[in-house]
Amino acid sequence: MLAKRIIPCLDVKDGRVVKGVRFVELKDAGDPVEIARAYEDQGADELVFLDITASHEERKIILDVVERTASQISMPLTVGGGIRTIEDIRDLLRAGADKVSINTAAVENPDFVKEAAETFGSQCIVVAIDAKRRETTWDLHTEVYGEGFKFYAPVNPAALAPSWDVYTRGGRENSGRDALEWAEEVEKLGAGEILLTSIDKDGTKEGYDVDLIYRVSRAVGIPVIASGGAGNLEHLYEAFLAGASAVLAASIFHFGEYTIPQAKAYLKEMGINVRLEQEDVGQKGEEGSES
Amino acid sequence: MRIAILDYGMGNVRSVETGFRRVGFDALLTRDPEEIRKATHIVLPGVGAFRDCMENLKTYGLIEPLKEALQSGRPFLGICLGLQILFEGSEEFGESKGLAIMRGKVVRFRGDMSEEIENRKTGVKRRYPLKIPHMGWNAVRILKDHPILEGIEDGSYFYFVHSYYVVPEDDVAVTTTSYGIDFVSAIARDNIFACQFHPEKSQKVGLRLLKNFARWRP
């Protein structure tokens, strides 16, 4: 069966990996190319670069990073951040990216997703959804349970089902769209995958928003990548139980808390199908090289 | 030797070139019919839509050189769409015609497949729909030994990204993969080897496959 994927995400600014990576002896802990190679050696299933370079004029830098990285690795590479035009996508794919991740531009102009999918194929268009849980209105006067355990029912019974707003511009702006509806819409527009980030959980290390993952995974027929909140291996497990096809994680791998093989060994033990590395494949039947 | 990779506007073909370079072989990205005639090894990659793939091949005048190459006995490697278009046709967009080098057709995964995931801690089982496209790493079961699969263990994981799969009429399947159903994930006949998965994206096992291909003398 198809393996659940583990995808390290690198934040790249002005061609450098922000905060660096410390899980292995690197000559340069901020060099995206060297880090990408190290992750390939660990058996990461894919890699995501998130370009957080401030200005649009500096896009050439990420193209150079993608080009140098793609020429050194043999696994899928997704690039996101600041993609606004078909030309942006074409440049990144030409530089060697396999997929691009679109966020703000998709929300502001949904037809952009459609055009991108029609031009380049759904398989390379990932729509990133940054979701923030909506506050529920509680009626503090309705006690559902009696003595010892108080549970307050919401005013509107429909509000029992949690809902999320879609944010854009790096989580700064509420688009007013409902995350579940938006997920269904981007699937119809031709997105091949959804990168689903919980703004509430991002950076907290207290676990993914499993309600969000569960509801979006059930609502769409395309793969969902869970993102935001991973702090330990159990969190990865919870995301897969909630229906994620893949998990995105940054700090738990970057700073050596866990290695990818450790994460996979744990997940395998828990009954999740993951890809383990075949060790000596390069050596078997070796006869020296020719050209 | 000369490895020619057909570059006809269907996806990230440079990664195939990168793959060959990483195992010590130079390959040429080309859409020049003359280069294809001169090549000793031909690779037809491609991701995207079946119909666009055939149209692009036509536009660049590559159909004839490709058919010549397939019949010439020179090693041929088809990847993803490069496997699918060897067949007679695809059900994508109604019906699209392929090269018909192999007998059989290309069909879409059914949308009603599902998988069950059990929580080992609580025993609670949940059923989820299988996602389409079939995207990610999946195990490849080897049915028949083939020089291209030398050194690659049965059950190795390769990277896939596709919504359609081939249903050959003849006995050409060399590997199968399971995704709701068992489908043919690689075929071989004479000088032709073609796979649904992407060796150029499959790290060590994939690079091994590319190396085997470069050394293949059918």
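Which residues lie nearest the centre of the largest cavity? They are A:Leu2, A:Lys4, A:Ser245, B:Glu115 and B:Lys131, among a lining of 16 residues. The structure is a predicted model, and this briefing covers the contact between chain B and chain A, the enclosed cavities, the salt bridges and two points of backbone geometry. The area buried between chain B and chain A is about 4800 Å², and five salt bridges are counted between these chains.

**Interface between chain B and chain A**

- On the chain B side, 52 residues are in contact with 64 residues of chain A.
- Carbon and sulfur atoms give 46% of the buried area of about 4800 Å².
- B:Lys131, B:Met135 and B:Gln203 together supply 15% of the area that chain B buries against chain A, more than any other three residues.
- Polar contacts across this interface amount to 29 residue pairs, with both residues at pLDDT 80 or more.
- Two or more residues on the side of chain B that touches chain A come from each of several elements of chain B, including helix 1 (14-22), strand 10 (134-142) and helix 6 (203-215).
- Helix 6 of chain B gives the most to that side, with seven residues.
- By residue class, the side of chain B that touches chain A has 18 nonpolar, 14 polar and 20 charged residues.

**Cavities**

- The whole structure holds two cavities of 30 Å³ or more.
- The largest cavity encloses about 140 Å³ of space, and its lining divides into ten nonpolar, two polar and four charged residues.
- B:Lys131, one of the residues nearest the centre of the largest cavity, is also one of the three residues that supply 15% of the area buried by chain B against chain A.
- The second largest cavity has about 30 Å³ of space.
- Its lining is formed by A:Glu46, A:Val48, A:Thr78, A:Ser101, A:Val126, A:Glu193, A:Leu195 and A:Ile225.
- These lining residues of the second largest cavity divide into four nonpolar, two polar and two charged.

**Salt bridges**

- Side chains of opposite charge can pair when their charged atoms come close.
- Over all chains, the structure contains 37 salt bridges.
- Between the side chains of A:Glu46 and A:Arg5 there is a salt bridge with an N to O distance of 2.6 Å.
- A:Glu46 lies in the loop between helix 1 (32-42) and strand 3 (47-51) of chain A, while A:Arg5 belongs to strand 1 (residues 5-13) of chain A, so the pair ties together parts that are 41 residues apart in sequence.
- A:Glu46 also appears in the lining of the second largest cavity.
- B:Arg14 and A:Glu67, on separate chains, form a salt bridge through their side chains at 3.4 Å, N to O.

**Backbone geometry**

- Most residues other than glycine have a negative phi, and most peptide bonds are trans.
- The peptide bond that joins B:Ile132 and B:Pro133 is cis, with omega about 10 degrees.
- B:Pro133 is placed in the loop between strand 9 and strand 10 of chain B.
- A:Asp14 has a positive phi, near 50 degrees, although this residue is not glycine.
- The location of A:Asp14 is the loop between strand 1 and strand 2 (16-17) of chain A.

Notes:
Residues are numbered from 1 along each chain as its sequence is written. Chains are lettered from A and ligands numbered from 1 in the order in which they are written. This is a predicted model: local features need pLDDT of at least 70, side-chain atom pairs count only at pLDDT 80 or more; totals for chains, interfaces and linings use all residues. Side-chain values use heavy atoms; hydrogens and water are left out. Contact means heavy atoms within 4.5 Å. Buried area is the accessible area (1.4 Å probe) that two parts lose on being put together, summed over both. A salt bridge is a side-chain nitrogen of Lys or Arg within 4 Å of a carboxyl oxygen of Asp or Glu. A polar contact is a pair of N or O atoms within 3.5 Å; within protein, one must be able to donate a hydrogen and the other to accept it, and residues adjacent in sequence count only if both atoms are side-chain atoms. Helices (H or I, at least four residues) and strands (E, at least two) are DSSP runs, numbered from the N terminus. Ala, Val, Leu, Ile, Met, Phe, Trp, Tyr, Cys and Pro count as nonpolar, Asp, Glu, Lys and Arg as charged, and the others, Gly among them, as polar. On a 1 Å grid over the protein atoms alone, a cavity is a set of points where a 1.4 Å probe fits but cannot get out, and a pocket is an open set with protein on both sides within 12 Å along at least five of seven lines; lining residues have an atom within 4 Å of a point. Grid points are joined across faces, edges and corners, and a volume is the space filled by probe spheres set on the points.
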